[in-house]
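Morning, everyone. Please look at the structure on the screen while I walk you through it.

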Amino acid sequence: MSKEYQKEDATIIWDSSKCIHAAECVKGLPQVFQPKERPWINPENGEKDEIIATVRKCPSGALSIKG
């Protein structure tokens, strides 16, 4: 199952089936990636460039950027 979250002209895609819960996203940008909240990804809380940089650190590929 995947979900999409929009930030300007970029879309954050989260594929839950790939997630290994390494928490690199949470460590890197806790104001955007908040696993105890719903929705757990809040792109309005961060800058596009920092979100993209954090998503690229995802070791499993569960997070990706489209756009």
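**The pocket, the sheet and one asparagine**

The largest pocket has a volume of about 270 Å³. A pocket is an open set of points on a 1 Å grid over the protein atoms alone, with protein on both sides within 12 Å along at least five of seven lines. The points are joined across faces, edges and corners, and the volume is the space filled by probe spheres set on them.

Lining residues have an atom within 4 Å of a point. There are 17 here, and Trp14, Cys19, His21, Cys25 and Trp40 lie closest to the centre.

A word on the source. This is a predicted model: local features need pLDDT of at least 70, side-chain atom pairs count only at pLDDT 80 or more, and totals for chains, interfaces and linings use all residues. Residues are numbered from 1 along each chain as its sequence is written, and side-chain values use heavy atoms, leaving out hydrogens and water.

Now the sheet. Three strands (DSSP E runs of at least two residues, numbered from the N terminus) form an open sheet, ordered S1-S2-S3, with antiparallel pairing. Pairing takes at least two DSSP bridges between two strands. At the edges sit S1 (2-7) and S3 (63-66), each pairing on one side only. Strand S2 (residues 10-15) and S3 share four bridges. Tryptophan 14 stands opposite leucine 63 in S3.

Last stop: is asparagine 42 buried or exposed? Asparagine 42 is buried (under 20% relative accessible area, 1.4 Å probe, protein chains only), because its relative accessible area is 11%. Asparagine 42 touches Gln31, Val32 and Gln34, leaving aside residues up to four places away in sequence. Contact means heavy atoms within 4.5 Å.

Conventions
Buried < 20%, exposed > 50% of the residue type's maximum accessible area, 1.4 Å probe, protein only. 1 Å grid on protein atoms, 1.4 Å probe; cavity = no way out; pocket = protein on both sides within 12 Å on 5 of 7 lines; lining within 4 Å.
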